[in-house]
Amino acid sequence: MNNIDTILNKYILDHFSPTDGERQEISSRYKQLSNLLKGTNFQAGSYARFTATTPVHDLDVVWEIPEESIATLKNSLSKKVDPSNLD
């Protein structure tokens, strides 16, 4: 039974898990996004739980808006908001 588990785990890793290239691309894009957003953000969803399959189509990111930025957002509801301009 243990041998079957090993074989299945290897098959899943080789055929369903995100590739090294996908992981590098996601890491790079996440760093770019983190540098743009002010405040706390973190990865969520299947990629963060290591249950994503290849090809990866998205990365769920939760952004905790800084308290001081909420007033800016409220004042800008009728306008386009550029997150990089938030204090």
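In which helix do arginine 29 and glutamate 25 both lie, and how many residues apart are they? In the predicted model examined here, both residues belong to helix α2, which covers residues 20-36, and they are four residues apart, a spacing of about one turn of the helix. Their side chains are joined in a salt bridge, in which the closest N and O atoms are 2.7 Å apart. With respect to solvent, arginine 29 counts as exposed at 53% relative accessibility, whereas glutamate 25, at 39% relative accessibility, counts as partly exposed.

The structure holds two salt bridges, and the other pairing involves lysine 10 and aspartate 14, whose side chains meet with an N to O distance of 2.7 Å. These two residues are found in helix α1 (residues 2-15), and because they are four residues apart there, about one helical turn separates lysine 10 from aspartate 14. Aspartate 14 has a relative accessible area of 47% and is accordingly described as partly exposed. In general terms, side chains of opposite charge can pair when their charged atoms come close.

With regard to charge over the whole protein, 9 positive and 12 negative side chains are present, and the centres of these two sets lie 5 Å apart.

The secondary structure that carries these pairs consists of four helices and two strands, and the order of the elements, read from the N terminus, is α-α-β-α-β-α. The radius of gyration of the protein is 19 Å, well over the 12 Å that the globule rule gives for 87 residues, and the protein is therefore more spread out than a compact globule. The dimensions of the C-alpha trace, taken along the principal axes of the protein, are about 60 × 20 × 20 Å.

Burial and contacts were also evaluated for the protein as a whole. Of the 87 residues, 18% are buried, and the surface that the protein exposes amounts to about 6,900 Å², of which carbon and sulfur atoms supply 55%. Among the contacts with a separation of 6 or more, 52% are accounted for by residues 24 or more positions apart.

Note on methods:
Residues numbered from 1 in each chain as written. Predicted model: local features only at pLDDT ≥ 70, side-chain atom pairs only at ≥ 80, totals over all residues. Heavy atoms only, no water. Rg over C-alpha atoms; globule rule 2.2 N^0.38 Å. Buried < 20%, exposed > 50% of the residue type's maximum accessible area, 1.4 Å probe, protein only. Contact = heavy atoms within 4.5 Å. Areas by Shrake-Rupley, 256 points an atom, 1.4 Å probe, with all protein chains shown as cover. Lys, Arg positive; Asp, Glu negative; His and termini not counted. Charge placed at Lys NZ, Arg CZ, Asp CG, Glu CD. Salt bridge = Lys/Arg side-chain N within 4 Å of Asp/Glu carboxyl O.
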